[in-house]
Amino acid sequence: MTATIDPYAVGAPARGFLARLSPLAKLAGPLPAMLLLIFTRDLATPAVFLGLAYVLVLAGARLTGRIALLLFVAVPVGAAVIGFALSLWADPSRVDRSVPIVSLGDWTLYLGAIEIGLATGIRLAAILALGFIAGLTTTGPDLVRALVQQLRVPYRIGYTALAAFRFVPRFGYELEVIRQAHRVRGAHGGRGPFAAVARWWGYIVPLLAGAIRHAERVALAMDARAFGAHPDRTERYLLPWRRRDTVFTALFWIASTAVLVALFPWTL
């Protein structure tokens, strides 16, 4: 039986230079490149941004086994599968048909279709990898604090959304506790689809009861702290915008502009 850990009971310290940057800087830097990549159609431009994102993540984030599996297995395999699938659906009349690859009756797969499909797959992978710069090195509370403190997002919206988002891992934790309790009692044993349905049906009632109790505790805690009674709140942890955040954002914009100008993936 694997040990179950409350996801909010302990926390690992952040490592790497990206963890020391403001969450808004890690969002503002890659955001223009992510938006412009939507309108590119070549292979080189998203490949360069994909490599840039990987370099930043590997150099500035804490590399764990799960992150390594995500970067080196899930993203490449997903991009390849999406690219190959889209190449099968490409319109043969709109691709380069000079190099046929596979022919089955009247249908022919051309190299131009594969290039278009791979360009789309790599473009999606590059956008996803640029999002990893902030996603893998920023916690939810820090992002909310930065939005409230720097962008003046109303704290009623920010912290309410954070409380709702925290329900998801909390449900996962309570579901694992319920499963272990059922295993200890030997409830809903057996194999097959009917046993699986019986097990999941036995999880629903205690899971809903735990969700209601957790929601009541959160509501009471927010009321006890006078949540929403005043237009602003005193923050215990401050996330100021520092000079290094400006430098990171400016350097990322300069690098993105240089790549786009050098490759210029659009036709005039």
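The side chains of Glu-174 and Arg-170 meet in a salt bridge, with 3.5 Å from N to O. This pair is a convenient place to enter the structure, which is a predicted model. Glu-174 and Arg-170 both belong to helix α8, which covers residues 167-185. They are 4 residues apart there, about one turn of the helix. Both Glu-174 and Arg-170 are buried.

How many salt bridges does the structure hold? The count is 2. Besides the pair in helix α8, Asp-142 forms a salt bridge with Arg-145, and the closest N and O atoms of these two residues are 2.9 Å apart. Asp-142 and Arg-145 are both in helix α6 (residues 140-150), and because they are 3 residues apart, about one helical turn separates them. Their burial can be stated residue by residue. Asp-142 has a relative accessible area of 26% and is partly exposed. Arg-145 counts as buried because its relative accessibility is 18%, and buried means under 20%.

The charges can also be taken over the whole chain. There are 27 positive and 14 negative charges in the protein chain, and the mean positions of the two sets lie 9 Å apart.

The helices named so far belong to a chain whose secondary structure comes to 10 helices and 2 strands. Read from the N terminus, the order of elements is α-α-α-α-β-β-α-α-α-α-α-α. For the overall dimensions, the C-alpha trace spans about 70 × 60 × 30 Å along its principal axes. The radius of gyration of the protein chain is 24 Å, whereas a compact globule of 268 residues would have a value near 18 Å.

Buried residues account for 31% of the 268 residues in the chain. The protein chain exposes about 16,900 Å², and carbon and sulfur atoms supply 68% of that area. Contacts give another view of the chain. Of those between residues at least 6 apart in sequence, 76% join residues at least 24 apart.

Individual residues fill in this outline. In helix α4, which covers residues 65-89, is Ala-68. At 21% relative accessibility, Ala-68 counts as partly exposed. Leaving aside residues up to four places away in sequence, Ala-68 touches Leu-63 and Val-73. Ala-68 can also be placed relative to the salt bridge described at the start. From Ala-68 to Arg-170 the separation is 102 residues in sequence and 25 Å in space, C-alpha to C-alpha.

Which element holds Tyr-110? Tyr-110 lies in strand β2, residues 107-110. With a relative accessible area of 15%, Tyr-110 is buried. When residues up to four places away in sequence are not counted, Tyr-110 touches Pro-92, Asp-96, Arg-97, Val-99, Pro-100 and Ile-101. Tyr-110 and Ala-59 are 51 residues apart along the chain, and 39 Å separates their C-alpha atoms.

Further along the chain, Leu-220 is found in helix α9. Is Leu-220 buried or exposed? Leu-220 counts as exposed because its relative accessibility is 60%, the cut-off for exposed being over 50%. Leu-220 and Leu-18 are 202 residues apart along the chain, and their C-alpha atoms are separated by 36 Å.

The last part of the account concerns backbone angles. Most residues other than glycine have a negative phi. Ala-226 has a phi near 55°, a positive value in a residue other than glycine. Ala-226 is placed in the loop between α9 (193-224) and α10 (243-263). The relative accessibility of Ala-226 is 31%, and the residue therefore counts as partly exposed.

Phe-264 likewise has a positive phi, near 40°, and is a residue other than glycine. Where is Phe-264 found? Phe-264 is in the segment after α10. Phe-264 counts as partly exposed, at 39% relative accessibility.

Key:
Residues are numbered from 1 along each chain as its sequence is written. This is a predicted model: local features need pLDDT of at least 70, side-chain atom pairs count only at pLDDT 80 or more; totals for chains, interfaces and linings use all residues. Side-chain values use heavy atoms; hydrogens and water are left out. The radius of gyration is taken over C-alpha atoms; the globule rule is 2.2 Å times the number of residues to the power 0.38. Buried means under 20% relative accessible area, exposed over 50%, partly exposed in between (1.4 Å probe, protein chains only). Contact means heavy atoms within 4.5 Å. Accessible areas come from the Shrake-Rupley method with a 1.4 Å probe; for residues, only the protein chains shown count as cover. Lys and Arg count as positive and Asp and Glu as negative; His and the chain ends are not counted. The place of a charge is taken as NZ of Lys, CZ of Arg, CG of Asp or CD of Glu. A salt bridge is a side-chain nitrogen of Lys or Arg within 4 Å of a carboxyl oxygen of Asp or Glu.
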